[in-house]
Each structure stands twice: as structure tokens, then as C-alpha cells.
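The exercises below concern how strands are arranged in sheets and how helices lie against them. Please work through each task with the model open before reading its solution.

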Amino acid sequence: MTDPPHRILYAVIELRRLTKRYGDTLALDGLSFAVEPGHVTGFLGPNGAGKSTAMRLILGLDAPTSGQALVNGRRYALLSKPMREVGALLDAGAVHPGRSAYNQLLALARSNDITPTRVAEVLEQVGLAGVARKRVGGFSLGMKQRLGIAAALLGDPGVLIFDEPVNGLDPDGVRWIRDLMRSLAAEGRTILLSSHLMSEMALTADRIVIIGRGKLIAATTIAGLTARYPSLEDAYMSLTAGSVTNGAAR
Ligand code: ADP
């Protein structure tokens with residue numbers, strides 16, 4: 001008898017009843033959803049909905065109170081070469097100001113068994129090759145965003161997570177990010193992207209996960225939403241109407 005064919009039993013990114021409590025705040029409340037390859041999946045929700053918390057848990061930067069956040073079926077901590085499986089841009093401001101862009105990435109590459117050739121490649125890909133030897137402290141926010149994206153791409157991962165990557169970018173930069181996200185998805189990668197800019201999200205993503213107060217509100221396609229509402233913005237406003245916290249404690 002032959003072995004049954006290998007079947008993938010997990011999604012590339014999967015949250016299973018993920019709950020995270022900070023003191024009295026329930027940041028994530030039994031959140032479950034899956035993100036599939038080959039698409040840009042937009043991650044939306046009002047301020048305080050739990051988007052950053054969910055991304056941090058997927059990346060093993062914090063531990064869940066209960067439930068699971070899995071990448072390729074495993075917790076981040078159990079990935080043998082994490083940078084080769086998942087790359088992320090969470091806080092573009094978190095850079096070492098005294099280092100050059102090249103040295104910043106080289107340090108990351110060395111600690112992850114990645115070659116200097118790859119460092120040069122990603123700097124070229126994000127348009128920073130010309131300033132690679134300049135100190136990051138003098139970079140504009142847009143340049144820091146590009147550097148953060150270069151770091152995410154360094155291990156050539158199949159899964160990419162971007163938290164507000166277009167913040168502070170000029171229209172050229174916004175379009176560049178949009179094209180990059182779409183081309184990374186077209187290569188079969190899994191892209192999870194948060195942004196507050198609905199019109200930009202409608203142009204960049206093809207699937208959408210909306211959360212509010214740590215819970216799932218919708219996981220669907222942009223086409224599905226815009227068939228039912230005049231625009232993604234209208235859909236978002238209507239679906240999240242009961243979930244806006246205005247930062248108030250819950
Ligand atoms: P979003 O990214 O959707 O704006 P967050 O994940 O940042 O939402 O926050 C979700 C909730 O968890 C908020 O009420 C926030 O104040 C709280 N929170 C997030 N991180 C922490 C933390 N480290 N300590 C305490 N509360 C936190």
C-alpha cells in the first residue's frame with residue numbers, strides 16, 4: 001500500500017482562538033482567521049482593535065494568553081530559520097541611527113546565515129543602493145520604511161507582514177509599496193498588510209480581514225465587499241460602526 005499523498009493541513013498564517021490580555025485590557029478575544037498565499041490580505045480595524053498585537057504574536061514578539069498564532073503550521077519560536085520563512089516591517093523608526101543602511105542589514109544577515117550578496121540585492125530592490133553607505137540617522141521616514149522593507153525581504157521569505165508601510169510616504173513611495181506588495185503576492189507569497197488608508201487598501205489588497213475589539217468582524221474579498229457596499233471605505237465604516245473605542249479603556 002502506498003502512503004497517502006502529503007496534504008497541507010494548515011494555512012500559511014493561522015490564528016486559532018488567539019487571546020491576549022494586558023491587565024484589564026482584552027487586546028485579542030478568541031481571534032481566528034487564516035491568510036492564504038498568492039494574495040495581498042489587508043488587515044483593518046479601528047485604533048486599538050488589536051492589529052499590532054496580532055502581528056506581534058504571529059512574530060513571536062509576545063506570548064498569547066491562550067490560543068495559537070502559527071506560521072507554516074508552527075509557532076514562530078519553533079521555526080528553524082525564521083527570517084527565511086517570515087519577514088516583517090513593524091516599526092520603521094526602530095533602526096540604529098549610527099549605522100549605515102548596508103551595515104544595518106549586514107548585521108542582520110550575518111546573524112541569520114544570509115550572504116552579503118543578498119544584502120546588496122535587497123538594497124537595490126528597495127531603491128537604497130545609492131545611499132547604502134550613509135548613516136541611517138539621516139534618513140527620511142520614507143527611506144527608513146524602505147530599509148525596513150529591505151530587512152523584511154532579506155531572507156527571501158514566503159510570508160511577509162507589513163504594519164502601516166505607507167505611513168509618511170510621498171505619492172511615489174505609496175505607489176512603489178503598492179506595486180511591490182502586489183508583485184510579491186504574484187510570486188506566490190503570503191502578504192498581510194495593515195493600513196488606515198482605505199482607498200490605498202482597495203488598490204493594493206484583494207482580500208480583507210477586519211477586526212474590532214480583538215474579535216473577527218469579516219474575512220472576505222474586496223470584490224465581495226464592494227459588491228455589497230459602494231466602496232471599501234463604506235463597507236469598513238458600516239462593519240466597524242459598533243467597534244470604535246476612541247481609545248477608551250474596555
Ligand atoms: P491596533 O494595532 O489595532 O491599533 P493594538 O494591538 O495596538 O491595536 O492594541 C489593542 C489593545 O491592546 C489596545 O487597547 C491597546 O491599548 C492594548 N495594548 C497593546 N499593547 C499593549 C501593551 N504592551 N500593554 C498594555 N496594553 C496594550
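**Exercise 1.** In this predicted model, determine which strands helix 1 lies across in the open sheet of three strands, and at what angle the helix runs to strand 1.

*Solution.* Begin with helix 1, residues 51-58, which lies across strand 1, strand 2 and strand 4 and runs at about 115° to strand 1. Next, place these strands in their sheet, which is open and has the order 2-1-4 with antiparallel pairing. Strand 2 (25-35) and strand 4 (66-71) each have a single partner strand, so one side of each is left without a neighbour in the sheet. The twist from one strand to the next averages 20°. Finally, examine the pairing of strand 1 (residues 13-22) with strand 4, which is antiparallel and is made by five bridges; on this sheet Thr-19 stands opposite Ser-66 of strand 4.

**Exercise 2.** Establish the strand order of the open sheet formed by six strands, and state which strands are at its edges.

*Solution.* The order is 5-6-7-3-8-9, and the pairing is mixed. Strand 5 (86-89) and strand 9 (215-221) are the edge strands, since each pairs on one side only, and the twist averages 15° from one strand to the next. Turning to strand 9, one finds six bridges that join it in antiparallel fashion to strand 8 (residues 207-212), with Ala-219 as the bridge partner of Val-209. Helix 5 (residues 141-153) packs on the sheet, where it touches strand 5 and strand 6, and its direction makes about 170° with that of strand 5.

Technical notes:
Residues numbered from 1 in each chain as written. Predicted model: local features only at pLDDT ≥ 70, side-chain atom pairs only at ≥ 80, totals over all residues. Heavy atoms only, no water. Pairing = 2+ DSSP bridges. Helix = DSSP H or I, 4+ residues; strand = E, 2+ residues; numbered from the N terminus. Axes fitted to C-alpha atoms, helices over the stretch in contact; angles between N-to-C directions. Contact = heavy atoms within 4.5 Å.
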